[in-house]
Amino acid sequence: MPRPRTIKRAAATAQRGGVLLATEGRPIPKAAVERAAELANKSGAPVHVFSVARVWGSSLGFPNPGLMPTKAEWDKQRQVVKHAVARLRRKGIEADGRVVGSRAAAKKIVREAHRLGCDAIVMGADPPRSRLVGDFMWSQEPYRVRRRAGDLPVYLVVDGARVESAA
């Protein structure tokens with residue numbers, strides 16, 4: 001019989017609603033933090049900072065410890081989240097953070113936004129590539145989040161500039 005999964009205390013006590021400031025592993029640009037702060041201020045909602053540490057694959061369909069994120073990669077993602085949360089709190093915005101590991105970052109980000117009942121997702125992004133090339137690039141993950149999110153607005157901050165696209 002499978003063991004029941006428990007939700008860690010920080011994830012279980014997170015306030016519902018608000019804005020999800022997400023990253024697929026890249027540092028969160030200041031412009032993305034600013035945009036999340038603006039959206040949160042409009043509604044008086046909290047910002048949830050969410051980062052995905054990349055799992056590199058599987059070995060013959062089975063999880064392989066050598067493909068999991070290293071301790072340094074986990075620590076780097078925790079620092080990214082910690083800095084973003086600190087910036088938001090300095091602005092007087094309620095913020096919390098969480099780091100998870102996954103091969104499918106877009107799926108995890110959208111699932112987290114729905115779990116928390118978020119009103120929008122904000123992400124830093126590279127300039128868009130063609131879909132054929134972009135489907136093979138981890139850096140194009142924000143565009144996969146936008147396609148997967150459905151009715152949930154996704155604001156992408158490209159190259160630190162406030163070029164946005166909400167779908």
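**Entry 1: β2 and β3**

I looked up the bridge partner of Val47 and found Ala95 in β3. The model is a predicted one, and I read every entry below with that in mind. Strand β2 covers residues 47-54 and is joined to β3 by eight bridges, with the two strands running parallel. I then checked Val47 against β1, where Val19 stands opposite it. β1 and β2 also run parallel, and five bridges join them.

**Entry 2: the sheet as a whole**

I traced the remaining pairings to get the strand order. β1 pairs with β4 in the parallel sense, over four bridges. For a register point I noted Ala22, whose bridge partner in β4 is Met123. Strand β4, residues 120-125, goes on to pair with β5 over five bridges, again in the parallel sense. Here Ile121 stands opposite Val154 in β5.

I wrote down the order as β3-β2-β1-β4-β5, an open sheet of five strands with parallel pairing. Which strands are at the edges? They are β3, residues 95-102, and β5, each of which pairs on one side only. Neighbouring strands in this sheet are turned against each other by 20° on average, ignoring direction.

**Entry 3: burial of β1 and β5**

I went through β1 (19-23) residue by residue. Five of its five residues are buried, so β1 is largely enclosed by the rest of the structure. Val19, Leu21 and Thr23 lie on one side, Leu20 and Ala22 on the other, and both faces are covered.

Is the edge strand β5 buried or exposed? Five of the five residues of β5 (154-158) are buried, so this strand too is largely enclosed by the rest of the structure. I sorted its side chains by face: Val154, Leu156 and Val158 are on one side, Tyr155 and Val157 on the other, and all are buried.

For the whole protein of 167 residues, I noted that 43% count as buried.

**Entry 4: order of elements along the chain**

I counted six helices and five strands in the secondary structure. Along the sequence they follow the pattern α-β-α-β-α-β-α-β-α-α-β. I also looked up how far apart in sequence the contacting residues are. Taking contacts between residues at least 6 apart, 70% join residues at least 24 apart.

**Entry 5: helices on the sheet**

I checked what α2 and α4 lie across. Helix α2 lies across β1, β2, β4 and β5, and runs at about 165° to β4. Helix α4 lies across β1, β2, β3 and β4, running at about 155° to β2.

**Entry 6: α2 against α3**

I took the axes of α2 (residues 30-43) and α3 (residues 71-90) next; they come within 10 Å and cross at roughly 45°. That angle makes α2 oblique to α3. The crossing is right-handed. From α2 the contact uses Lys30, Val33 and Ala37, and from α3 it uses Ala84, Arg87 and Leu88. I classed these residues as four nonpolar, no polar and two charged.

**Entry 7: α4 against α6**

I repeated the check for α4 (residues 105-116) and α6 (residues 141-148). Their axes come within 9 Å and cross at roughly 50°. The two helices are therefore oblique to each other, and their crossing is right-handed. On the α4 side I listed Ala105, Ala106, Lys107, Ile109 and Val110; on the α6 side, Glu141, Arg144, Val145 and Arg148. By class this contact has five nonpolar, no polar and four charged residues.

**Entry 8: Gln77**

I looked at Gln77, which sits in helix α3. Where does its accessible area place it, buried or exposed? Gln77 is buried, because its relative accessible area is 5% and the cut-off for buried is under 20%. Leaving out residues up to four places away in sequence, I found that Gln77 touches Thr23, Gly25, Ser51, Val52, Ala53 and Val99.

**Entry 9: Leu67**

My last residue was Leu67, in the loop between β2 and α3. Its relative accessible area is 24%, so Leu67 counts as partly exposed. I checked its separation from Val55, which is twelve residues apart from it along the chain; the C-alpha atoms of the two are separated by 6.1 Å.

Key. Residues are numbered from 1 along each chain as its sequence is written. This is a predicted model: local features need pLDDT of at least 70, side-chain atom pairs count only at pLDDT 80 or more; totals for chains, interfaces and linings use all residues. Side-chain values use heavy atoms; hydrogens and water are left out. Axes are lines fitted to C-alpha atoms, for helices over the stretch in contact, and angles run from 0 to 180 degrees between N-to-C directions. Angles under 35 degrees count as roughly parallel, over 145 as roughly antiparallel, 65 to 115 as roughly perpendicular and the rest as oblique. A crossing is left-handed if the near helix is turned anticlockwise from the far one by less than a right angle, and right-handed if clockwise. Contact means heavy atoms within 4.5 Å. Ala, Val, Leu, Ile, Met, Phe, Trp, Tyr, Cys and Pro count as nonpolar, Asp, Glu, Lys and Arg as charged, and the others, Gly among them, as polar. Buried means under 20% relative accessible area, exposed over 50%, partly exposed in between (1.4 Å probe, protein chains only). Two strands pair if DSSP finds at least two bridges between them.
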